[in-house]
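Welcome! Let's take a friendly walk through a few places worth finding in this structure.

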Amino acid sequence: MESAINATTARVTFNKAVPSGVDFTNFDIDGGLTITNVEFSSDRKTATITSSSDFTRNQEYKVSVFGVKDAEGNEYPEVTGAFTWEVAEGVTVALEASTLDQGQTVGLTVKDEAGKDVKDAVVEIESYNTNIVGVSGSGSAPSNVKVTAKNLAGTADVVVKTTLPDGSVLSNTFKVTVKEAVTTISNAGYTLKAASALGLAEANTVAFKEFGSAKTSLVEGSSTVQLIAFGETNGNPDTANIDFEEVTRVVSSNPVVATAVLNDSDIDVTPLRQGSTTITVTMKDGSRKTFPITVTAQPELKTIGVDATTISLSDENRSDSSNLTFHEGVDGATFKVTALDQFNKEIGFGTTGKVTVSSSTDGIKLYQDGVTADNLTTVTQGDQLVAGDNTIEFDGSEAEVHVVASKDTPVRNARVTVNYFAKTTDTQPTATKTITVNVADVDPTVSTSAIDVVTVSEIDANAQNVKGVESEFDFSATEVYALDSKGNRLELLTDATVAGKAPTATIATENASDKFVAVTDDTVGFKNVNHALTYLRSANTVNVEVVADGVKKVLPITYKNSAVVPNKATVSTTATSIKLANTVDSISFEDLIFGQADFEQLILDNALDAASDTESHIIGTLKNAKNGGYKYNKPLVSILGTDGKSLATGINVYGGAVTEFTANTWNNAVVNELKGLDTPATFTTDEFEVEFMVANVNDSSTITDGTNPLANLSAVDLSSEVKPVTGKATTFTLVVTGIYTKDSVVNIEGGAPTTAQKAAHNLLAAPAQLNVSVSAE
């Protein structure tokens, strides 16, 4: 049984539940119309069908349902039914609402006495006070007419003249009331810093929450800073930090700890002494905001630290049998002494205390200044630390001490004692650190049995953002030692001048064709660090062969990319129906697949990009945005990053420039700068490539290159467009076979990749397909 609901929808009732998998492609309608969407009831016995254009009054339409199969795959016979769209007497014109919030937009309806829409009517509309109420869509169908409340409270008359299809005219006057604005502002975080030091991370609330860092404590006696607070207005993030110009009062609950003073539109905070306080800010509207602040004590020198607990040396180094020189790591070693405050952070040593260093045996000697790898004979007596003259000097927060072995004097479990005295006159140390030293007896005449390479175990394409990690490593400059059969160090080979002794490095044969890493001029690194930063999705290992003094050592070097990049993709298989706006006649496949931004529903901010101070950038989506902030469909593609979490794409990527914006994106220049990915390595691309085809097209002439129909549908790509005929939907099956980070295949595999090589870069695990309908008003 069929019955019309309104001018574009009808209800179809079945005597049993329709199997899953049936959608609008299984329905057909005569009269030159096309079914563009079908929604089933929960019991799947009723289907609401949507037509590509309006039904004609008093015309009978036949609806056919075909291709429906039961659970065993048996196809049901095609069934048909009929209905007639009739416009009854008693047409009513009404606004969706007549009391509006500021900024609210409502529509207008024209319904017959049966409650059905009369969409073939024409509406003319006028506001008698455009400062309070604005109108749009005059002279068009009711569905295009909109009434919008301005940012001013009051009442305005809105006059509507509706011409029905039979020529009769209805006149209505509506009183529209715009309510007083009720604004709610919530705290979204704050920090204490100089206003002059604000950067991109403090450009707005979204940037602060995603990329900024809250500093809510100060050191007593430090400089005055500003309270920089961020908020959300009516649930939407603000495009700047809170302007305190409207503040009437600022109070510190404990002014002995810190004071807070209103200075024009700034709130200056001055830390005075250790403790806690809360700054309460009263706004002009009477609302209050509170900001707890902690003031910590002034850092004081409390103790020391050393960067070694054990040192192992040899009593001779093979490169100097006279023992006039020493080599770091062979018969000599250096440890660092660091001055620390009560928070265990480095602090300048100052002049009130002292640090002494002593040895438990004469078998090792201690030096501070003047010791070089050239010649110990240049060291003056004052450079050697001896009993009665063993106080070391600091350079800021650090001091270095050199431990040197004595020839033919092996030592076992000797102690180097480092004492910190809070005052130079103290006789008892405030803190003591000890280092155990062992010196092995070596024969400098023996040949090298093995080599010891002091190297990293991994390199990272994102090294610029990871402390203590490198993106390459030079084996010719690293420490490589010759070892005897017992593993004792004989000689530092790195600077050896004898042919064949100095280290060289090559990549192992089995790793010579690695896609990302190579060894060039004894340096292991990425072939193209930008490509690795963009396309490397999992860690791998290569073997590097280091040869020194005729001995080879194979070192496994792990390479990885700690930056989060696209790793997996999924495609929605739910049927998608798009009805283009009345001023638009086409949509590109790129916008269809990735979504088209609706800038009226987005939050924009200016001057995020230093290269374009007037450019608007997307920083978020309005709280009540429809369809996720997209104009038509939400993106069909979802991306997981290499961290296993959903990766932001399209309008959800912070900082996207509005000019020529496309939702086919996962990154941009603003994010690069905020994450430190703009130098020296940067992403090669921030877009995707999609391999897809269209099938079962009902009108191939509507698939175009933007101007003309495609001669061959196999040539369809992201720039191709769907341009439906007015009043008739274009329907087709979209089959997506591959999603790639743009240019990943050609940049990593080259110009002629094998099927397997190409598949390695496909983010989509398996092909996905869905039915699509696109219609135009």
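## A small open sheet

Please keep in mind that this is a predicted model. A good place to begin is an open sheet of 3 strands, arranged in the order β46-β53-β52 with antiparallel pairing. The edges are taken by β46 (587-588) and β52 (703-704); each has a single partner strand, so one side of each is left without a neighbour in the sheet.

To see how the strands meet, look at β52 and β53 (residues 721-722), which run antiparallel and are joined by 2 bridges. Here Ile 703 stands opposite Val 722 in β53.

## A hairpin and its neighbour

Next, find strand β42 (residues 540-548), which pairs with β39 (residues 504-507) in the antiparallel sense over 4 bridges. Within this pairing, Thr 506 has Glu 545 of β42 as its bridge partner.

β42 also pairs with β43 (residues 551-560), again in the antiparallel sense, this time over 9 bridges. One facing pair is Val 547 and Lys 552, the latter in β43. How many residues lie between β42 and β43 in their hairpin? There are 2, and Asp 549 in the turn has a positive phi of about 55°. As general background, strands of a sheet pair through backbone hydrogen bonds, either parallel or antiparallel.

## Two nonpolar cores

Now for the interior. The largest nonpolar core has 78 residues, and Phe 475 and Leu 734 have the most contacts inside it. Strand β55 (residues 768-776) gives this core its largest share, 5 residues.

Leu 734 is a handy landmark. Leaving out residues up to four places away in sequence, Leu 734 touches a list of residues that includes Phe 589, Leu 592, Ile 593, Leu 636 and Phe 692. Also among them are Ala 768, Gln 769, Leu 770 and Val 772. A second, separate core has 31 residues, including Leu 301, Ile 311, Val 337 and Leu 366.

## A buried acidic residue

Our last stop is Glu 615, in the loop between β47 (602-606) and β48 (616-621). Is Glu 615 buried or exposed? Glu 615 is buried, yet has no salt bridge. The nearest side chain of opposite charge belongs to Lys 631, 16 Å away; a salt bridge would need the charged atoms within 4 Å.

What does the side chain of Glu 615 join in a polar contact? The partner is the side chain of Thr 659, at 3.0 Å. Setting aside neighbours within four places in sequence, Glu 615 is also in contact with Asp 605, Asn 606, Ala 607, Ala 657 and Val 658, among others.

Note on methods
Residues are numbered from 1 along each chain as its sequence is written. This is a predicted model: local features need pLDDT of at least 70, side-chain atom pairs count only at pLDDT 80 or more; totals for chains, interfaces and linings use all residues. Side-chain values use heavy atoms; hydrogens and water are left out. Two strands pair if DSSP finds at least two bridges between them. A nonpolar core is a set of buried Ala, Val, Leu, Ile, Met, Phe, Trp, Tyr and Cys residues joined through side-chain atoms within 4.5 Å. Buried means under 20% relative accessible area, exposed over 50%, partly exposed in between (1.4 Å probe, protein chains only). Contact means heavy atoms within 4.5 Å. Lys and Arg count as positive and Asp and Glu as negative; His and the chain ends are not counted. A polar contact is a pair of N or O atoms within 3.5 Å; within protein, one must be able to donate a hydrogen and the other to accept it, and residues adjacent in sequence count only if both atoms are side-chain atoms.
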